[in-house]
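The following exercises are to be worked through with the sequence and the structure at hand. Each task is followed by a solution in steps.

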Amino acid sequence: MQTKVMTAKEAINSYVKNGDCLAIGGFVTNRRPYALVREIIRQHIGNLYIEGGPSGGDIDMLIGAGLVTAINTAYISNAAFSMVCRRYGEAVVQHKILNEDYSMDVQTIAYHGAALGLPYVPVKNMLGSDLADKWGISAEERKKHDKLPNQKFILQEDPFTPGSMLCLVPTPKIDVALIHAQAASPDGTIRIAGPLFQDEDIAIAARHTIVSCETLMTNDEIRKHPELNTLTGLCVDAVVPARFGATPSQCFGYYDYDVRDLREYANASKTQAGFDSYIEKTVHLQDNHEAYIASKDPSWLEQLTIIPNMGYVAGLNSME
């Protein structure tokens, strides 16, 4: 059986192209595919259309690097470290990127609809709010971008309940999904432990899916407990072994989020110059993910390893 195991450089070079619609998995500071995102920045793949859902600092890094044209998102945050990611905030205020707001539940419903092959999903969730009354990207601007739906949504009366309105939200046409998982096998079988977030849906919906993982299991080993597996190799194009591939976000069962790095990024990203310096140190001066991890203090990474059977590190926010 042909292996799908690749390096991050090989996977990104093979499947991510300028102008792609990218959907990125994880949740804020939880299981974000940072190793894959750093490789996109190294290869300077731009004009990206991002499906973010509950987004984190990895997408903020793509925005700060000037690689994002438009984003559909609920919010972008590094939780307690920066409640609104700073490069994103500045880019929106200065009109450097196109930005559309959906509620987090609507976006995840839309991703599920995309996984089912539906062109749109009917929801009520945004009705009665500014999310339904205001558009971040106008209909005129949308006509200039093939990767954007021509409307944010369409309001329509429920055909089964006269007098009740529905919001018809277009589902995204995802070129590439990026996900980080706890384990995978060479044939592309993926095992995600803990919350799945939108990852399963975007992987199924995307034309191509790249998954980085903490542990590479054999095909036979991962099949011993099929009830623990999340994705079949049928919807996975590349498997990238990447220990600490989600850092500085957390990865359930392996390590907690890196408070040092997230604090450093929160301060550095206040200005473009500070951000550029951070990216130079953590991305461009490191040839690959392995070099990036090798540049970090091994004793510090050891401290981030979770307490067995508990899934977190005690006293994390007080650690220096």
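How many cavities of 30 Å³ or more does the structure hold?

**Preliminary note.** The model is predicted, so local features need pLDDT of at least 70 and side-chain atom pairs count only at pLDDT 80 or more, while totals for chains, interfaces and linings use all residues. Residues are numbered from 1 along each chain as its sequence is written, and side-chain values use heavy atoms, with hydrogens and water left out.

**Exercise 1. Determine the number of cavities and describe the lining.**

Step 1. A cavity is a set of points, on a 1 Å grid over the protein atoms alone, where a 1.4 Å probe fits but cannot get out; lining residues have an atom within 4 Å of a point. The structure holds one cavity of 30 Å³ or more.

Step 2. The space in the largest cavity is about 30 Å³; a volume is the space filled by probe spheres set on the points, which are joined across faces, edges and corners.

Step 3. Among the residues that line the largest cavity are Tyr34, Gly57, Met61, Asp261 and Tyr265. H3 and H10 are the elements that give two or more residues to this lining. The largest share, three residues, comes from H10. Helices (H or I, at least four residues) and strands (E, at least two) are DSSP runs, numbered from the N terminus.

**Exercise 2. Examine a residue of the cavity lining for a salt bridge.**

Step 1. A salt bridge is a side-chain nitrogen of Lys or Arg within 4 Å of a carboxyl oxygen of Asp or Glu. By this rule there are 15 salt bridges.

Step 2. Aspartate 261, one of the lining residues, forms a salt bridge with lysine 296, and their closest N and O atoms are 3.6 Å apart. This pair links distant parts of the chain, 35 residues apart: aspartate 261 lies in helix H10 (residues 259-268), and lysine 296 in the loop between helix H12 (289-294) and helix H13 (298-303).

Step 3. Both lysine 296 and aspartate 261 are buried, where buried means under 20% relative accessible area, exposed over 50%, and partly exposed in between (1.4 Å probe, protein chains only).

**Exercise 3. Describe the surroundings of strand S2.**

Step 1. Strand S2 comprises residues 48-55, and eight of its eight residues are buried.

Step 2. Two strands pair if DSSP finds at least two bridges between them. S2 pairs with strand S1 (residues 21-24) in the parallel sense over three bridges; leucine 22 has isoleucine 50 in S2 as its bridge partner. Seven bridges join S2 to strand S3 (residues 68-76), also in parallel, and isoleucine 50 stands opposite isoleucine 71 in S3.

Step 3. With helix H3 (residues 57-64) and S3, strand S2 makes a right-handed β-α-β unit. Right-handed means that, with the strands pointing away from the viewer, the path from the first strand over the helix to the second runs clockwise.

Step 4. Aspartate 58 and arginine 32 meet through their side chains in a salt bridge (3.1 Å, N to O). Aspartate 58 belongs to helix H3 and arginine 32 to the loop between S1 and H2, 26 residues apart.

**Exercise 4. Is cysteine 167 buried or exposed?**

Step 1. Cysteine 167 is found in strand S7 (residues 165-170). Its relative accessibility is 0%, so cysteine 167 counts as buried.

Step 2. Not counting residues up to four places away in sequence, cysteine 167 touches several residues, including Val121, Met126, Phe153 and Leu155. Contact means heavy atoms within 4.5 Å.

Technical notes:
On a 1 Å grid over the protein atoms alone, a cavity is a set of points where a 1.4 Å probe fits but cannot get out, and a pocket is an open set with protein on both sides within 12 Å along at least five of seven lines; lining residues have an atom within 4 Å of a point.
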